[in-house]
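Work through the exercises below with the sequence and coordinates open. Each task is followed by its solution in steps.

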Amino acid sequence: MLGYCSNSPLRCENARSAKILNRMDACCPECGLFLLPAQDVSQQLRADEQFLRYAVLAVALVLFIAVYIYYSNFV
Ligand SMILES: [Zn+2]
């Protein structure tokens, strides 16, 4: 996984330089602490944004259909 060292910048060289590390075990090679994901977060944000957009579209569509049915029945 790609990520930054989660250690304090005072304690680890990789955290100080905010270097993106690519490690299979998700641990910093310098200090052994877990990495903060660098790539996964942005992908998650993009997926959330897309989901919100579809949710808003779905709500608008349901409202439109409800209004259409209401008017076609009672006007
Ligand atoms: Zn580190």
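The exercises concern a predicted model and go from its strands to its domains.

**Exercise 1.** Determine which strands pair with β1, and in what sense.

Solution.
- Begin with β2, residues 21–22: two bridges join this strand to β1, and the two run antiparallel.
- Next take β3, residues 35–37, which is paired with β1 through three bridges, also in the antiparallel sense.
- Gly 3 serves as a check on both pairings: its opposite residue in β2 is Leu 21, and its bridge partner in β3 is Pro 37.

**Exercise 2.** Classify Met 1 as buried, exposed or partly exposed, and list its contacts beyond four places in sequence.

Solution.
- Locate the residue: Met 1 sits in the segment that precedes β1 (2–5).
- Count neighbours: 15 other C-beta atoms lie within 10 Å of Met 1.
- Apply the cut-offs: buried requires 20 or more and exposed 12 or fewer, so Met 1 is partly exposed.
- List the contacts: Met 1 touches Arg 23, Ala 26, Leu 35 and Pro 37.
- Compare sequence with space for one of these: Arg 23 is 22 residues from Met 1 along the chain, yet their C-alpha atoms are 5.5 Å apart.

**Exercise 3.** Describe the domain division and the annotated transmembrane region.

Solution.
- Split the protein: domain 1 spans 1–37 and domain 2 spans 38–75.
- Take the separation: the C-alpha centres of domain 1 and domain 2 are 39 Å apart.
- Read the record: an unreviewed UniProt entry annotates residues 51–71 as "transmembrane region".
- Assign secondary structure: residues 51–71 are 100% helix and 0% strand, with 30 Å between the end C-alpha atoms.

Notes. Residues numbered from 1 in each chain as written. Predicted model: local features only at pLDDT ≥ 70, side-chain atom pairs only at ≥ 80, totals over all residues. UniProt positions renumbered as here; feature names shortened; annotations may be inferred. Helix = DSSP H or I, 4+ residues; strand = E, 2+ residues; numbered from the N terminus. Domains from an automatic or database assignment. Contact = placed C-beta atoms within 7 Å. Pairing = 2+ DSSP bridges.
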